Amino acid sequence: MSTLASCPSCGAALSFRPGTMVAVCSYCKALAARKDRDPELIGKVADLVDTGSPLGLGASGTYTGRAFTLAGRVQLKHPLGGVWDEWYLALDDGRWGWLAEAQGRFYLTFTQAPHGALPAADSLQAGGLADLGPDGLWTVGELSEATFHSAEGEIPWAVEPGAIYRYADLSGRNGAFATLDYSEDPPLFFLGREIPLADLAIRGGTRKPTKLGAQNLNCPKCGGALALHAPDQTQRVGCPSCGSLLSVENGKFAFLKSLKQPHQEVVIPLGAEGLLGGEKVICIGQLRRSCTLEGTAYPWTEYLLLDSQHGFRWLVESDGHWSVATALPPGEVPQAHEGQKNLWAQGHNWRRFQDVAAVVEGVWGEFYWMVEQGERVQVSEFVAPPRGLTRELQRHKNGGEEVNWSLSTYLEPSEIWTAFKLAGTPPAPRGISSFQPNPHKTTLSKSTLWIVGALGLLLTLVMIESTTHRNIELFSRRLDLVEMAHLGPATAEARRGIPTRRPAPAAPPTASPSPSDSAIGEAQEPVFFSGPIEIKDGHQNLAVTLSAPVNNSWVSLEGALVSETTGVAELFLLESSYYHGVDGGESWSEGDQTQMVFLSAVPPGTYVLRLAPQWDGRMPPVGEIEVKLRQGVMRWLYPGLALLAILVVPLLMVFRMAAFESRRWQESMYGTNASSSGGDD
Amino acid sequence: MRILYLLFLGGGFSLMVANGFFGREFFGQRRRADLPPSVRQTPGAYRTFLHNNGFHGGK
């Protein structure tokens, strides 16, 4: 239930809800403090700055099922320029909520009784941690001072015209947000979170529709036309015509100074509209920044984009590489210590790439802070291609400081050309960007399905082969070389070559060859002829194995599998050779007592095996050799070759991927040597 | 790169299928020869024939 009172200045009606400390007269801008009897006049407020807020006094909405009314607002000035709104929600349960609005984002907080001692302001630093005990560990996003500018409606705290309030903005995970207000002792603790405006279901009031329009003005120095696309938030304008730096106050320009602007090769002109990620954006500012490493300046260009929700994002171009960056609440990123090489954040492992001091060299267009040439921020860059995580630490002139994290995503230059309908084709990027996606990794990823499919096919074929290849033994014989060596030309006459058809089936094999069934030599050499071998399967390979217990000697075997039907012979050569010894105190060996040769499948039919063993000297080095002929022998060479064929291109890709990464990290302050030492997660 | 990969895959699997399902061999010391009847019938002709066809046994 509101209490009605009269304005101590003009007598107009003033309303004081439960909890209202100060009310602003809508007629005379008097600031009236609530007292036991009549309100006390404590001053008058300046005119409100048009911040372009979509909210209006008297609007209503709901939060977690409770209805509220926007009962008042205070405008506070930031030390870097700019005014932000703090709206006060009077909930129907008597509570008050603080709804801060800055750069299109909204943060709803409520006063909270701290469960432990709050840290002193001097103990905090931007980017560091604030330990609130039972209330958690927070990241300090900003440590600064705000100056009261204006107000309207009912205010639940005792504001004073011109007062300065020291505060620390804290950021936590999942949009959690808190403020420590050091204007009182002990400090006040506000706890809440960033909240989408849609979640508050705000309706009514003097709410303005969001717009993406422009306010046309002229440069006070050169008269050139300047379009302000975010007049409510713009603090500085760099005139692209004359290079003047202008301040913006209540929609009017004031000349500050002439800038010595560097040559700017503009890709996206000021005012260019585009469609980036499905969001309509307009380029409102261009910034030339650089860092200097070992005496060499590395410049890059940043394009400030304004989207239809009055939010900002950056397009960054460096050596033809493009990326889009959006702000990230500091609480969403763990604290990065000095020299920490790895950082786990946003579900990725980020590797530190470099730490540099970035300096503003050129300013064109409009900016939401008091940008100036020479402005310096300390930048730490972490990369997880195709994304980059950047921390910018900026110190305010009044001693405050703030840390800003931004999440960048690499874009192909063609995406920029398409988004802004730029003429021509984009120039080829030079070198490798810090978080440029590895093209070979992408290719390898695309090939994964092929590789897996090919491996599956290979496995299937191997399984089929292993079941169909029965390793059938067609012939096995021990040949007595001593006996064969003594066969003279007379015995050789007993058998003249191989008849096209054998007159009688061969006798069962015996330990030593006999003229009647097989072993007959040709002139001057011992030769063994097998009996007829029936080969039924014409689609399976053959394998001949020679085993001889040679010891520092050798036995070779000239062989021929001759078709009795066609006379076609499969000729082969086998050698059993094994040598060993001790040389210089070290034992050595070479060769193998067993050797195998594979023959292609032959048409079904009857075959004869001709085997002609040879050795050095008159006497054979071993008494017996064993020869086997088998069919359907699995030969792993071919699955191995197929596997190699499957893997050779992926291996080539992996090699090129590694070479690409090597080139990327050559540019890093935390390059190959640093990375090999492991991470600091 | 894709064409190169397809060529590799085609080559590798062709070799494997030719070996596994048709019994063809592509590597090793072997040769196919059509023995003339004179070779088949003449003692000692084998060695000469084989020697002339690239088989040089012994050390």
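What percentage of the 681 residues in chain A is buried? The buried share is 51%. Keep in mind throughout the tour that this is a predicted model.

**Stop 1: chain A as a whole**

Select chain A and colour by secondary structure. The view should show 40 strands and 6 helices. With the surface switched on, the accessible area of chain A is about 31400 Å², and carbon and sulfur atoms account for 53% of that area. If you draw a contact map, count the contacts in chain A with a separation of 6 or more: 60% of them join residues 24 or more positions apart.

**Stop 2: chain B as a whole**

Now select chain B, which has 59 residues. Its elements are 3 helices and 1 strand, arranged along the sequence as α-β-α-α. Buried residues make up 37% of chain B. The chain exposes about 3400 Å², with 60% of this area supplied by carbon and sulfur atoms.

**Stop 3: helix α1 of chain B**

Stay in chain B and select residues 2–22, which form helix α1. A distance between the end C-alpha atoms gives 28 Å. Why does that agree with the helix length? The 21 residues, at 1.5 Å a residue, should span 30 Å, so the distance of 28 Å agrees.

Next, show side chains on α1(B). The buried residues are Y5(B), L9(B), G12(B), F13(B), M16(B), A18(B), N19(B) and G20(B). To see part of what covers them, add two helices of chain A: α2 (439–468) and α5 (637–666) are included in the cover. Then step past the end of the helix to G23(B), where phi is positive, near 70°.

**Stop 4: the cavity**

Return to chain A for the interior. How many cavities of 30 Å³ or more does the structure hold? The count is 1, and the largest cavity contains about 30 Å³ of space. To find it, select G127(A), T139(A), V333(A), P334(A), Q335(A), A336(A), R391(A) and W405(A), which line it. Coloured by class, this lining shows 4 nonpolar, 3 polar and 1 charged residues.

**Stop 5: two cis peptide bonds**

Select D185(A) and P186(A). The peptide bond between them is cis, with omega at about 0°. P186(A) sits in the loop that runs between β14 (176–181) and β15 (188–194) of chain A.

For the other example, go to P385(A) and P386(A), also joined by a cis peptide bond, with an omega of about 10°. Here P386(A) belongs to the loop between β28 (376–384) and β29 (387–395) of chain A.

**Stop 6: two asparagines with positive phi**

Select N174(A), in the loop between β13 (164–171) and β14 of chain A. Its phi is positive, about 55°, although N174(A) is not a glycine. Is N174(A) buried or exposed? Its relative accessibility is 72%, so N174(A) counts as exposed.

Move on to N552(A), which lies in the loop between β34 (542–547) and β35 (553–563) of chain A. N552(A) is likewise a residue other than glycine with a positive phi, near 55°. At a relative accessibility of 38%, N552(A) counts as partly exposed.

**Stop 7: A254 in a strand**

Select A254(A), part of strand β20 (residues 252–258) of chain A. It is partly exposed, because its relative accessibility is 34%. Leaving out residues up to four places away in sequence, A254(A) touches L245(A), L246(A) and S247(A). Now draw a C-alpha to C-alpha distance from A254(A) to C219(A): it reads 8.6 Å, across a sequence separation of 35 residues.

**Stop 8: S433 in a loop**

Finish at S433(A), in the loop between α1 (413–419) and α2 of chain A. Why does S433(A) count as buried? The limit is a relative accessible area under 20%, and S433(A) has 13%, so it counts as buried. Show the residues around it: apart from neighbours within four places in sequence, the contacts of S433(A) are H321(A), Y410(A) and R664(A).

Terms used:
Residues numbered from 1 in each chain as written. Chains lettered and ligands numbered in written order. Predicted model: local features only at pLDDT ≥ 70, side-chain atom pairs only at ≥ 80, totals over all residues. Heavy atoms only, no water. Helix = DSSP H or I, 4+ residues; strand = E, 2+ residues; numbered from the N terminus. Buried < 20%, exposed > 50% of the residue type's maximum accessible area, 1.4 Å probe, protein only. Contact = heavy atoms within 4.5 Å. Areas by Shrake-Rupley, 256 points an atom, 1.4 Å probe, with all protein chains shown as cover. 1 Å grid on protein atoms, 1.4 Å probe; cavity = no way out; pocket = protein on both sides within 12 Å on 5 of 7 lines; lining within 4 Å. Points joined across faces, edges and corners; volume = space filled by probe spheres on them. Nonpolar A, V, L, I, M, F, W, Y, C, P; charged D, E, K, R; others polar. Expected span 1.5 Å × (residues − 1).
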